[in-house]
Amino acid sequence: MAKNESSTDILTGLYNRRGLQNQAKYLFSHPEILKKAAIVMLDADGLKRMNDLYGHLIGDEYLKTIAAFLADIPREHSVSARLGGDEFAVILYGFDSQAQTSRIIQELGQKRGTRFLPASLEAEERVEFSMGYAFCLSGGQDYQKLMSLADERMYQEKRKRKKHTV
């Protein structure tokens with residue numbers, strides 16, 4: 001399942017929305033490959049502020065940093081994509097237990113607050129993102145419904161995180 005130009009996000013090198021959909025269709029039609037799985041949705045917190053304070057090149061670096069976190073997940077168990085703007089999605093698959101999937105999600109969440117200090121930036125910032133996820137409980141589940149549930153949960157978390165920073 002090689003990436004081609006029409007399925008790749010030019011900024012991050014991750015799949016784009018089309019690439020993710022193609023991969024999801026394949027995985028969700030092969031339960032023997034999918035096994036225990038989850039869909040994780042992420043939204044970069046503070047991208048507008050980054051762009052306003054430091055410019056779009058720094059904003060792009062911010063997005064690339066989040067993409068690098070996703071690229072760190074073992075490729076034999078993940079498909080990562082930038083859906084557009086500041087939204088990302090990950091399909092975690094091929095695990096023998098939900099606990100293994102949960103551990104990857106927890107490790108991803110622990111990357112929040114990572115120092116963000118590109119060479120051209122004189123101030124230290126932190127990478128922040130909101131995320132939501134949904135577990136695939138059986139091979140026959142509709143990946144679009146799971147993405148929608150994960151997306152809803154991500155926006156719930158985003159609202160909670162905004163309340164705590166105000």
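Two strands count as paired here if DSSP finds at least two bridges between them. With that in hand, take strand 1, residues 36-45, and strand 3, residues 87-95: 7 bridges join them, and the two run antiparallel. One position to look at is Ala 38, whose bridge partner in strand 3 is Leu 92. Before I go on, please keep in mind that this is a predicted model.

Now the whole sheet. What is the order of its strands? The order is 2-3-1-5-4, in an open sheet of 5 strands with antiparallel pairing. Strand 2, residues 78-84, and strand 4, residues 114-116, stand at the edges; each has a single partner strand, so one side of each has no neighbour in the sheet. On average, and ignoring direction, neighbouring strands are turned by 30 degrees against each other.

Let me go through the remaining pairings, beginning at the strand 2 edge. Strand 2 pairs with strand 3 over 6 bridges, in the antiparallel sense. Gly 84 has Glu 87 of strand 3 as its bridge partner. These two strands form a hairpin with 2 residues between them, and Gly 85 there takes a positive phi near 55 degrees. How many residues of strand 2 are buried? Of its 7 residues, 6 are buried, so this edge strand is mostly covered.

On to strand 5, residues 125-136. Strand 5 pairs with strand 1 over 9 bridges, again antiparallel, and Met 41 stands opposite Gly 132 of strand 5. The pairing of strand 5 with strand 4 is also antiparallel and has 3 bridges. In that pairing, Arg 115 stands opposite Arg 126 of strand 5. Strand 5 is mostly covered too, with 9 of its 12 residues buried.

Next, the helices that lie on the sheet. Helix 4, residues 56-71, lies across strands 1, 2, 3, 4 and 5, and runs at about 40 degrees to strand 5. Helix 5, residues 98-109, lies across strand 1, strand 3 and strand 5. Its angle to strand 5 is about 160 degrees.

Helix 4 also meets helix 3, residues 47-54; the two axes come within 7 Å and cross at roughly 145 degrees. Is that crossing left-handed or right-handed? The crossing of helix 3 and helix 4 is right-handed. Helix 3 contributes Leu 47, Met 50, Asn 51 and Tyr 54 to the contact, while helix 4 contributes His 56, Ile 58, Gly 59, Tyr 62 and Leu 63. Sorted by class, the contact has 6 nonpolar residues, 3 polar ones and no charged ones.

One further residue of helix 4 is Lys 64. Lys 64 is partly exposed, because its relative accessibility is 35% and that class runs between 20% and 50%. Its C-alpha atom is separated by 9.9 Å from that of Arg 82, and the two residues are 18 apart along the chain.

Now the aromatic residues. The structure holds 4 aromatic pairs, and I will show two of them. The rings of Phe 69 and Phe 129 have centres 6.4 Å apart and planes at 50 degrees, so this pair is tilted. Where do the two rings sit in the chain? Phe 69 is in helix 4 and Phe 129 is in strand 5, 60 residues apart, so the pair links distant parts of the chain. Both residues are buried: Phe 69 has a relative accessibility of 9%, and Phe 129 has 0%.

The other pair is Tyr 133 with Phe 135. Their ring centres are 5.5 Å apart and their planes stand at 75 degrees, which means the pair is edge-to-face. The cut-off for that class is over 60 degrees. Is each of these residues buried or partly exposed? Tyr 133 is partly exposed at 33% relative accessible area, whereas Phe 135 is buried at 19%. Phe 135 counts as buried because the limit is under 20%.

Last, helix 6, residues 143-165, which holds Gln 144. Gln 144 is partly exposed, at 46% relative accessibility. The C-alpha atoms of Gln 144 and Ser 97 are separated by 22 Å, with the residues 47 apart along the chain.

Methods
Residues are numbered from 1 along each chain as its sequence is written. This is a predicted model: local features need pLDDT of at least 70, side-chain atom pairs count only at pLDDT 80 or more; totals for chains, interfaces and linings use all residues. Side-chain values use heavy atoms; hydrogens and water are left out. Helices (H or I, at least four residues) and strands (E, at least two) are DSSP runs, numbered from the N terminus. Axes are lines fitted to C-alpha atoms, for helices over the stretch in contact, and angles run from 0 to 180 degrees between N-to-C directions. Contact means heavy atoms within 4.5 Å. Rings of Phe, Tyr and Trp (its six-membered ring) pair if their centres lie within 6.5 Å; planes under 30 degrees apart count as stacked, over 60 as edge-to-face and the rest as tilted. Buried means under 20% relative accessible area, exposed over 50%, partly exposed in between (1.4 Å probe, protein chains only). A crossing is left-handed if the near helix is turned anticlockwise from the far one by less than a right angle, and right-handed if clockwise. Ala, Val, Leu, Ile, Met, Phe, Trp, Tyr, Cys and Pro count as nonpolar, Asp, Glu, Lys and Arg as charged, and the others, Gly among them, as polar.
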